[in-house]
Amino acid sequence: MALQEAADNLVVMRTLLVTGGAGFIGSNFVRHTLAHTDLDITVLDKLTYAGSRESLSGLPAGRCKLVVGDITDARLVDELVMTHDAVVHFAAESHNDNSLANPRPFVETNVVGTFTLLEAARKHEVRFHHISTDEVYGDLELDDPERFTEATPYNPSSPYSATKAGSDLLVRAWVRSFDVQATISNCSNNYGPFQHVEKFIPRQITQLMDGMRPRIYGEGLNVRDWIHVDDHSSAVLLIIEQGVIGETYLIGADGEKSNREVVELLLAEFGRESTDVEQVTDRAGHDMRYGIDSSKLRAELGWAPRFGNFAEGLADTVEWYRANEEWWRPNKAATEAMYARQGQWRAPRASGGHRHDRPTRLPSGHRFNRQSGGPTSPAGRPSALSVVSSDAAQSLSAEKAEDEARRSLSSWMSADISRNLSSCCRAWCAQNMSSPPPPSVTRT
Ligand code: NAD
Ligand code: TDX
């Protein structure tokens, strides 16, 4: 690539607009960039359930500011894009399970939001980098010798990955039709600090911290290609600085592991038996395996991951969640309640779970709510109870499910959150119920 082109990029860039910078990868990218460059950053983030100011705490106010707003707000986006040298676009609805329960926000943010940003980048001729995922390529068989490359045809499976694929195609079209100065990166599964407890690794770490079992979808044979979030950040920064306009780069660190293997590493970290897992309902349309071939990025831009050892990176991540309970605790009970509402329950062990299973036994007074896909309490509110499997021999007893929900809520309550109690209550209620909180949520 033209070295002059790379140098020109470096010369003109002083300020970055980072969308979704209060989320998991965005906030790690902001920290990484402030530490490794002299760029100033504006974060544009809607602060959905997945974003938080706390993820940006401790950063120099003179170099990093947060604008709370929506990437589909064309006027706001236009003003912000106009006054920055480059846009790094992380903002997205990012969780597959949520996209199965309610795809609409995925279409709005991932497709319409990206369109809105592209139009502003086009109008003001601002450099644009689009963050995407390996999920746009669909999935691989476990024994397939091939991995995804930049030439792999798109074949998304879930509403989430379909909207990410759609946003990638918009970027490609805006490059070709309107000469927008854009690059795209498609990365594999990230792990590290500040990841929401809805996602696989933080969910299992926090289950274990609460003395409960990790929850594996089906048999846990699905493979993900793990990369430390800081390695994702270094790759994105390099692409912004040196990437060739119009090109796509795959980012991956050769970290393929089955979910079962990841959980076994975590169980060992907590001194628990390797079999101490809970198999729960499998995800509908669950992709079997992702695997990234990142040779183009390595050969053309000279990138290499720094976190070569997954077990060590995972142990560091466990340490981070142990040391930062106040960051994740307020979301834990609501997340587990959300999974219960979405119809997640313990799967029959022999089959590894089946998405068409329906609960047949609920605690007295609770019934299955077809609309929410989960149980409701006698008062009609969404219940924190896990639903009960049709396989009586393997099902959770009502008492156990209730006990688990109570333990989750009570450890959430007993954490050091008294200062934030009312806002936690409001957040929990906003996400979980249409009516006021039950008396048990009020601290006495
Ligand atoms: P996340 O859910 O943790 O963060 C998303 C952020 O976007 C949140 O701060 C949220 O408030 C914000 N946001 C959502 N809708 C918005 C809107 N309409 N306007 C403004 N802000 C909005 O997600 P993440 O895991 O950090 O993923 C970031 C990006 O990386 C996404 O584009 C995702 O597709 C991509 N990606 C993620 C992974 C992964 O393993 N997590 C892997 C590859 C690619
Ligand atoms: O409790 C769980 N148990 C479980 O077995 C959860 C939450 C997940 N899983 C499985 C499903 C997947 O096989 O673990 C694997 C990883 O699940 P997620 O953390 O939900 O990630 P995934 O669906 O692979 O998507 C992630 O990587 C690609 C991100 O959420 C996406 O934003 C990114 O694009």
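This report covers the surroundings of two ligands and the packing of one helix pair.

The model is predicted: local features need pLDDT of at least 70, side-chain atom pairs count only at pLDDT 80 or more, and totals for chains, interfaces and linings use all residues. Residues are numbered from 1 along each chain as its sequence is written, chains are lettered from A and ligands numbered from 1 in the order in which they are written, and side-chain values use heavy atoms, with hydrogens and water left out.

**Ligand 1**

Ligand 1 is surrounded by 28 residues. A residue is near a molecule if one of its heavy atoms lies within 4 Å of it. The closest are Ile25, Asp45, Ser94, Tyr160 and Lys164. By class, the shell holds 12 nonpolar, 12 polar and 4 charged residues. Here Ala, Val, Leu, Ile, Met, Phe, Trp, Tyr, Cys and Pro count as nonpolar, Asp, Glu, Lys and Arg as charged, and the others, Gly among them, as polar.

Helix H2 (24–36), strand S5 (127–133) and helix H6 (159–178) each give at least two residues to this shell. S5 gives the most, with 3 residues. Helices (H or I, at least four residues) and strands (E, at least two) are DSSP runs, numbered from the N terminus.

**Polar contacts**

The table lists polar contacts, meaning pairs of N or O atoms within 3.5 Å.

| Ligand atom | Protein partner | Distance |
|---|---|---|
| Ligand 1, nitrogen | Lysine 46, backbone N or O | 3.0 Å |
| Ligand 1, nitrogen | Aspartate 70, side-chain N or O | 2.9 Å |
| Ligand 2, oxygen | Tyrosine 160, side-chain N or O | 2.5 Å |
| Ligand 2, nitrogen | Arginine 215, backbone N or O | 2.7 Å |
| Ligand 2, oxygen | Arginine 224, side-chain N or O | 2.7 Å |

Taken alone, ligand 2 exposes 650 Å², and the protein buries 94% of that. Ligand 1 has 840 Å² of accessible area on its own, and the protein covers 97% of it. These areas come from the Shrake-Rupley method with a 1.4 Å probe.

**Ligand 2**

Around ligand 2 there are 22 residues. Thr133, Glu135, Tyr160, Arg283 and His286 are the closest. The shell has 6 nonpolar, 9 polar and 7 charged residues. Helix H7 (200–209) and strand S8 (215–217) are the elements that give two or more residues to it.

**Helix packing**

H7 also packs against helix H11 (residues 310–323). Their axes are 10 Å apart, at an angle of about 60 degrees. H7 is therefore oblique to H11. Angles under 35 degrees count as roughly parallel, over 145 as roughly antiparallel, 65 to 115 as roughly perpendicular and the rest as oblique. Axes are lines fitted to C-alpha atoms over the stretch in contact, and angles run from 0 to 180 degrees between N-to-C directions.

Note on methods. Polar contact = N/O pair within 3.5 Å; in protein donor to acceptor, adjacent residues only side chain to side chain.
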